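Biologist: I'd like to go through the side-chain contacts and the internal space in this one. Can you take my questions as they come?

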Amino acid sequence: MDSAKQADVATIPVIDFGPFLHGDAEDRKAVARAMRQASADWGFFYLSNHGVPETLLRRSFQASRSFFALPYEEKMGVAWQNASSNRGYVAVRRERLDASKPGDLKEAFNAGPEAAPDSLSEAERPYRENRWPVGQPAFRATVMDLMEGCVAASNRVLAAFALALHLPDGFFVDTHDQLHHTLRLLHYPPLPGSFQPQGGERRAGAHTDYGSITLLFQDGVGGLEVRTRDGEWITAPPIPGTVVVNTGDLMQRWTNHVFCSTPHRVSPFTGEGSPDRYSIAFFCHPNPDAEIRCIESCADADNPPRYPPIRAGEHLMERLNATY
(Lines give C-alpha, C1' and ligand atoms only; values in the text may rest on other atoms or scores of the structure.)
Protein backbone atom coordinates (compact mmCIF):
# COMPACT_ATOMS: atom_id res chain seq x y z
CA MET A 1 0.00 0.00 0.00
CA ASP A 2 1.58 3.28 -1.09
CA SER A 3 -0.55 6.09 0.32
CA ALA A 4 -0.54 6.69 4.06
CA LYS A 5 -3.55 6.55 6.32
CA GLN A 6 -4.21 9.30 8.84
CA ALA A 7 -3.73 7.45 12.10
CA ASP A 8 -5.16 8.26 15.47
CA VAL A 9 -2.26 9.89 17.31
CA ALA A 10 -2.71 7.37 20.13
CA THR A 11 -1.98 4.47 17.76
CA ILE A 12 1.77 4.93 18.09
CA PRO A 13 2.30 4.90 21.87
CA VAL A 14 3.00 8.08 23.82
CA ILE A 15 5.10 7.27 26.89
CA ASP A 16 5.77 9.61 29.81
CA PHE A 17 9.46 9.32 30.65
CA GLY A 18 9.10 11.39 33.82
CA PRO A 19 8.49 8.40 36.14
CA PHE A 20 11.66 6.74 34.86
CA LEU A 21 13.71 9.85 35.59
CA HIS A 22 12.11 10.82 38.91
CA GLY A 23 10.15 7.82 40.20
CA ASP A 24 11.02 4.79 42.31
CA ALA A 25 12.19 1.37 41.14
CA GLU A 26 8.68 0.19 40.24
CA ASP A 27 8.00 3.37 38.26
CA ARG A 28 11.22 2.82 36.29
CA LYS A 29 10.31 -0.78 35.55
CA ALA A 30 6.83 0.20 34.35
CA VAL A 31 8.23 2.77 31.91
CA ALA A 32 10.85 0.31 30.67
CA ARG A 33 8.14 -2.31 30.06
CA ALA A 34 6.09 0.19 28.07
CA MET A 35 9.13 1.09 25.96
CA ARG A 36 9.87 -2.58 25.33
CA GLN A 37 6.29 -3.25 24.22
CA ALA A 38 6.26 -0.22 21.91
CA SER A 39 9.61 -1.20 20.42
CA ALA A 40 8.36 -4.73 19.78
CA ASP A 41 4.99 -3.72 18.32
CA TRP A 42 6.03 -0.59 16.45
CA GLY A 43 9.73 0.14 16.65
CA PHE A 44 8.47 3.69 17.32
CA PHE A 45 7.05 5.66 20.22
CA TYR A 46 6.64 9.25 21.35
CA LEU A 47 8.44 10.18 24.58
CA SER A 48 7.28 13.10 26.72
CA ASN A 49 9.35 14.60 29.55
CA HIS A 50 12.46 13.50 27.68
CA GLY A 51 14.75 16.02 29.35
CA VAL A 52 15.92 18.11 26.37
CA PRO A 53 14.93 21.70 27.22
CA GLU A 54 12.25 23.25 25.04
CA THR A 55 14.19 26.53 24.94
CA LEU A 56 17.20 24.71 23.48
CA LEU A 57 15.02 23.03 20.86
CA ARG A 58 13.50 26.36 19.79
CA ARG A 59 16.97 27.87 19.49
CA SER A 60 18.13 24.85 17.50
CA PHE A 61 15.28 25.03 14.99
CA GLN A 62 15.96 28.72 14.48
CA ALA A 63 19.65 27.98 13.91
CA SER A 64 18.65 25.33 11.39
CA ARG A 65 16.44 27.74 9.48
CA SER A 66 19.23 30.33 9.40
CA PHE A 67 21.78 27.82 8.11
CA PHE A 68 19.60 26.50 5.30
CA ALA A 69 18.76 30.06 4.28
CA LEU A 70 22.45 30.68 3.50
CA PRO A 71 23.46 30.94 -0.17
CA TYR A 72 24.02 27.57 -1.83
CA GLU A 73 27.71 28.34 -2.37
CA GLU A 74 28.26 28.93 1.35
CA LYS A 75 26.56 25.67 2.27
CA MET A 76 28.58 23.78 -0.34
CA GLY A 77 31.72 25.22 1.25
CA VAL A 78 31.14 22.71 4.07
CA ALA A 79 29.79 19.91 1.89
CA TRP A 80 29.63 16.27 3.00
CA GLN A 81 32.70 14.47 1.66
CA ASN A 82 32.69 10.78 2.57
CA ALA A 83 31.06 8.11 4.69
CA SER A 84 34.00 7.85 7.08
CA SER A 85 33.46 11.45 8.18
CA ASN A 86 29.69 11.71 7.55
CA ARG A 87 29.78 15.41 8.44
CA GLY A 88 28.85 18.58 6.64
CA TYR A 89 26.17 19.79 4.24
CA VAL A 90 24.14 17.38 2.09
CA ALA A 91 22.42 19.04 -0.86
CA VAL A 92 18.95 18.26 -2.20
CA ARG A 93 18.87 14.90 -4.02
CA ARG A 94 22.44 14.09 -2.88
CA GLU A 95 21.20 11.30 -0.60
CA ARG A 96 18.95 8.42 -1.61
CA LEU A 97 17.54 6.63 1.43
CA ASP A 98 15.52 4.27 -0.77
CA ALA A 99 18.05 2.89 -3.25
CA SER A 100 15.28 2.00 -5.72
CA LYS A 101 14.08 5.62 -5.96
CA PRO A 102 15.55 8.99 -7.06
CA GLY A 103 17.45 11.22 -4.62
CA ASP A 104 15.56 12.63 -1.65
CA LEU A 105 13.94 16.07 -1.83
CA LYS A 106 15.68 17.35 1.27
CA GLU A 107 18.91 18.97 2.43
CA ALA A 108 20.79 18.27 5.63
CA PHE A 109 23.65 19.29 7.86
CA ASN A 110 25.48 16.54 9.77
CA ALA A 111 27.63 17.07 12.85
CA GLY A 112 29.11 14.82 15.50
CA PRO A 113 30.47 15.15 19.03
CA GLU A 114 33.85 16.87 18.95
CA ALA A 115 36.94 15.34 20.50
CA ALA A 116 39.75 17.54 21.75
CA PRO A 117 42.06 18.12 18.75
CA ASP A 118 45.13 16.91 20.63
CA SER A 119 43.38 13.62 21.39
CA LEU A 120 43.14 12.72 17.70
CA SER A 121 45.87 11.28 15.53
CA GLU A 122 46.68 12.88 12.19
CA ALA A 123 44.87 10.00 10.48
CA GLU A 124 41.74 10.44 12.60
CA ARG A 125 41.48 14.22 12.43
CA PRO A 126 39.88 14.58 8.96
CA TYR A 127 37.18 12.10 9.92
CA ARG A 128 36.31 13.36 13.41
CA GLU A 129 36.20 17.11 12.83
CA ASN A 130 32.96 18.93 12.05
CA ARG A 131 32.65 21.24 9.05
CA TRP A 132 31.32 24.60 10.22
CA PRO A 133 30.22 27.54 8.04
CA VAL A 134 32.59 30.49 8.29
CA GLY A 135 31.54 33.37 10.50
CA GLN A 136 28.69 31.51 12.24
CA PRO A 137 29.91 30.99 15.84
CA ALA A 138 26.38 31.07 17.27
CA PHE A 139 25.34 28.27 14.92
CA ARG A 140 28.21 26.09 16.08
CA ALA A 141 27.49 26.83 19.75
CA THR A 142 23.80 25.95 19.40
CA VAL A 143 24.46 22.71 17.53
CA MET A 144 26.98 21.60 20.14
CA ASP A 145 24.63 22.50 23.00
CA LEU A 146 21.93 20.37 21.40
CA MET A 147 24.46 17.60 20.81
CA GLU A 148 25.21 17.50 24.53
CA GLY A 149 21.50 17.39 25.37
CA CYS A 150 20.84 14.58 22.91
CA VAL A 151 23.77 12.48 24.14
CA ALA A 152 22.37 12.71 27.68
CA ALA A 153 18.81 11.92 26.54
CA SER A 154 19.90 8.95 24.43
CA ASN A 155 21.88 7.53 27.35
CA ARG A 156 18.76 7.71 29.50
CA VAL A 157 16.76 5.86 26.85
CA LEU A 158 19.51 3.24 26.52
CA ALA A 159 19.48 2.74 30.29
CA ALA A 160 15.73 2.14 30.14
CA PHE A 161 16.23 -0.37 27.32
CA ALA A 162 18.77 -2.25 29.44
CA LEU A 163 16.30 -2.38 32.32
CA ALA A 164 13.56 -3.60 29.95
CA LEU A 165 15.79 -6.52 28.92
CA HIS A 166 16.94 -7.28 32.50
CA LEU A 167 20.51 -6.34 31.63
CA PRO A 168 23.09 -4.49 33.76
CA ASP A 169 22.42 -0.74 33.91
CA GLY A 170 25.40 0.18 31.76
CA PHE A 171 25.06 -2.56 29.14
CA PHE A 172 24.12 -0.24 26.27
CA VAL A 173 25.48 3.05 27.63
CA ASP A 174 28.99 1.60 28.03
CA THR A 175 29.04 0.41 24.41
CA HIS A 176 28.22 3.95 23.22
CA ASP A 177 30.81 5.85 25.26
CA GLN A 178 33.03 6.80 22.30
CA LEU A 179 30.19 9.03 21.06
CA HIS A 180 30.14 8.02 17.40
CA HIS A 181 26.76 9.71 17.02
CA THR A 182 25.39 11.99 14.33
CA LEU A 183 23.19 15.03 14.87
CA ARG A 184 21.35 15.94 11.70
CA LEU A 185 19.51 19.15 10.87
CA LEU A 186 17.01 18.51 8.08
CA HIS A 187 15.16 20.87 5.74
CA TYR A 188 12.52 19.80 3.25
CA PRO A 189 12.09 22.74 0.83
CA PRO A 190 8.54 23.77 -0.11
CA LEU A 191 6.88 22.03 -3.03
CA PRO A 192 4.29 23.82 -5.22
CA GLY A 193 0.85 22.37 -5.75
CA SER A 194 1.78 21.70 -9.37
CA PHE A 195 4.75 19.50 -8.34
CA GLN A 196 4.66 15.99 -9.81
CA PRO A 197 7.04 13.46 -8.23
CA GLN A 198 9.11 11.55 -10.74
CA GLY A 199 9.93 7.88 -10.42
CA GLY A 200 8.47 7.56 -6.93
CA GLU A 201 10.66 10.30 -5.43
CA ARG A 202 9.82 11.53 -1.93
CA ARG A 203 11.08 14.01 0.58
CA ALA A 204 12.79 11.04 2.25
CA GLY A 205 12.58 7.57 0.80
CA ALA A 206 11.47 4.54 2.78
CA HIS A 207 14.29 3.26 4.98
CA THR A 208 15.26 1.92 8.36
CA ASP A 209 17.81 3.66 10.56
CA TYR A 210 21.25 2.17 10.88
CA GLY A 211 22.25 2.33 14.53
CA SER A 212 20.81 1.73 17.98
CA ILE A 213 18.17 4.41 18.48
CA THR A 214 17.12 7.66 16.86
CA LEU A 215 15.67 10.73 18.55
CA LEU A 216 13.56 12.81 16.16
CA PHE A 217 12.32 16.31 16.94
CA GLN A 218 9.67 17.59 14.50
CA ASP A 219 8.44 21.09 13.80
CA GLY A 220 4.72 21.72 13.39
CA VAL A 221 4.64 20.46 9.79
CA GLY A 222 3.81 16.78 9.43
CA GLY A 223 5.15 14.32 6.94
CA LEU A 224 6.63 11.40 8.85
CA GLU A 225 5.05 8.08 7.90
CA VAL A 226 5.64 4.70 9.56
CA ARG A 227 4.95 1.24 8.14
CA THR A 228 2.90 -1.04 10.36
CA ARG A 229 3.51 -4.75 10.79
CA ASP A 230 0.62 -5.28 8.33
CA GLY A 231 2.45 -3.28 5.66
CA GLU A 232 0.24 -0.20 5.83
CA TRP A 233 1.73 3.28 5.98
CA ILE A 234 0.33 5.55 8.69
CA THR A 235 1.16 9.15 9.57
CA ALA A 236 3.13 10.00 12.70
CA PRO A 237 2.18 13.67 13.22
CA PRO A 238 4.08 16.05 15.49
CA ILE A 239 2.98 16.03 19.12
CA PRO A 240 4.14 19.12 21.04
CA GLY A 241 6.47 18.39 23.94
CA THR A 242 7.53 14.97 22.69
CA VAL A 243 10.41 13.38 20.84
CA VAL A 244 9.89 10.44 18.50
CA VAL A 245 12.12 7.50 19.45
CA ASN A 246 12.72 4.62 17.07
CA THR A 247 14.97 1.59 17.17
CA GLY A 248 17.49 0.99 14.41
CA ASP A 249 19.00 -1.97 12.60
CA LEU A 250 21.77 -2.66 15.10
CA MET A 251 19.35 -2.70 18.04
CA GLN A 252 17.17 -5.13 16.10
CA ARG A 253 20.19 -7.40 15.53
CA TRP A 254 21.30 -7.07 19.14
CA THR A 255 17.88 -8.01 20.50
CA ASN A 256 17.05 -10.65 17.88
CA HIS A 257 13.90 -8.71 16.82
CA VAL A 258 12.67 -8.21 20.38
CA PHE A 259 13.09 -4.53 19.46
CA CYS A 260 12.26 -3.95 15.80
CA SER A 261 13.68 -1.59 13.20
CA THR A 262 10.73 -0.21 11.25
CA PRO A 263 10.66 1.35 7.76
CA HIS A 264 9.62 4.99 7.66
CA ARG A 265 9.63 7.86 5.16
CA VAL A 266 8.70 11.51 4.64
CA SER A 267 6.14 11.93 1.88
CA PRO A 268 3.71 14.86 2.28
CA PHE A 269 2.67 15.32 -1.36
CA THR A 270 -0.69 17.03 -1.65
CA GLY A 271 -2.56 18.79 -4.38
CA GLU A 272 -2.09 22.04 -2.46
CA GLY A 273 1.67 21.72 -2.29
CA SER A 274 3.87 21.18 0.73
CA PRO A 275 5.39 23.92 2.94
CA ASP A 276 8.90 24.07 4.33
CA ARG A 277 9.47 21.31 6.87
CA TYR A 278 12.28 21.15 9.42
CA SER A 279 13.25 18.31 11.71
CA ILE A 280 16.25 17.38 13.82
CA ALA A 281 17.41 13.79 14.16
CA PHE A 282 20.00 12.40 16.56
CA PHE A 283 21.35 9.04 15.41
CA CYS A 284 22.83 7.08 18.29
CA HIS A 285 25.50 4.57 17.20
CA PRO A 286 27.52 2.05 19.21
CA ASN A 287 31.29 2.30 19.38
CA PRO A 288 32.79 1.24 16.01
CA ASP A 289 34.56 -1.76 17.51
CA ALA A 290 31.51 -2.94 19.48
CA GLU A 291 30.53 -6.47 18.51
CA ILE A 292 26.79 -6.65 17.93
CA ARG A 293 25.92 -10.18 18.95
CA CYS A 294 22.51 -11.57 19.89
CA ILE A 295 21.83 -10.91 23.57
CA GLU A 296 21.52 -14.30 25.24
CA SER A 297 18.17 -13.57 26.89
CA CYS A 298 16.68 -12.52 23.51
CA ALA A 299 17.02 -16.00 21.98
CA ASP A 300 15.50 -19.38 22.74
CA ALA A 301 14.57 -22.59 20.95
CA ASP A 302 11.63 -20.90 19.21
CA ASN A 303 13.61 -17.78 18.31
CA PRO A 304 17.25 -18.74 17.68
CA PRO A 305 19.78 -16.01 16.80
CA ARG A 306 18.88 -14.57 13.39
CA TYR A 307 22.13 -12.78 12.57
CA PRO A 308 25.85 -13.48 12.83
CA PRO A 309 27.91 -11.09 14.96
CA ILE A 310 28.97 -7.86 13.25
CA ARG A 311 31.14 -4.88 14.17
CA ALA A 312 29.06 -1.72 14.53
CA GLY A 313 31.50 0.41 12.51
CA GLU A 314 31.52 -2.00 9.57
CA HIS A 315 27.74 -2.01 9.44
CA LEU A 316 27.55 1.79 9.48
CA MET A 317 30.10 2.22 6.67
CA GLU A 318 28.28 -0.33 4.53
CA ARG A 319 24.95 1.42 4.93
CA LEU A 320 26.30 4.93 4.38
CA ASN A 321 28.19 3.99 1.26
CA ALA A 322 25.05 2.39 -0.16
CA THR A 323 22.96 5.48 0.65
CA TYR A 324 25.27 7.97 -1.06
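Modeller: Sure, and keep in mind that this is a predicted model. Let's begin with K101, which has 29% relative accessibility and so counts as partly exposed.

Biologist: Which residue forms a salt bridge with K101?

Modeller: The closest N and O atoms of that pair are 3.9 Å apart, and the cut-off is 4 Å, so the contact counts as a salt bridge. The partner has a relative accessibility of 16% and therefore counts as buried. That partner is D98.

Biologist: How many residues apart in sequence are K75 and E107?

Modeller: Their side chains form a salt bridge, with 3.0 Å between the closest N and O atoms, and K75 and E107 are both buried. K75 belongs to helix α4 and E107 to strand β4, so the pair ties together parts of the chain whose separation is 32 residues.

Biologist: Is R59, which meets D145 in a salt bridge, buried, partly exposed or exposed?

Modeller: The R59–D145 bridge is 3.3 Å from N to O, and it links helix α3 with helix α6, 86 residues apart. On the D145 side, the relative accessibility is 33%, so D145 counts as partly exposed. R59 has a relative accessible area of 38%, which falls between the limits of 20% and 50%, so R59 is partly exposed.

Biologist: On to the rings: how do W132 and F139 pair, stacked, tilted or edge-to-face?

Modeller: W132 and F139 are both buried, and they belong to one aromatic cluster with F67, F68, Y89 and F109. Their centres are 6.1 Å apart and their planes make an angle of 75°. Angles over 60 degrees put a pair in one class, so W132 and F139 are edge-to-face.

Biologist: Which helix holds W254, the partner of F171?

Modeller: F171 and W254 form a tilted pair, with 50° between the planes. F171 is partly exposed at 28%, while W254 is buried at 3%. F171 lies in the loop between α6 and β5, so the pair ties together parts 83 residues apart in sequence, and the helix with W254 is α7.

Biologist: How many charged residues are in the lining of the largest cavity?

Modeller: The search finds three cavities of 30 Å³ or more, and the largest holds about 400 Å³ of space. Its lining has 29 residues, with R184, H207, D209, A281 and F283 nearest the centre. Sorted by type, the lining has 14 nonpolar and ten polar residues, and the charged ones number five.

Technical notes: Residues numbered from 1 in each chain as written. Predicted model: local features only at pLDDT ≥ 70, side-chain atom pairs only at ≥ 80, totals over all residues. Heavy atoms only, no water. Phe/Tyr/Trp six-rings, centres within 6.5 Å; stacked < 30°, edge-to-face > 60°. Buried < 20%, exposed > 50% of the residue type's maximum accessible area, 1.4 Å probe, protein only. Helix = DSSP H or I, 4+ residues; strand = E, 2+ residues; numbered from the N terminus. 1 Å grid on protein atoms, 1.4 Å probe; cavity = no way out; pocket = protein on both sides within 12 Å on 5 of 7 lines; lining within 4 Å. Points joined across faces, edges and corners; volume = space filled by probe spheres on them. Nonpolar A, V, L, I, M, F, W, Y, C, P; charged D, E, K, R; others polar.
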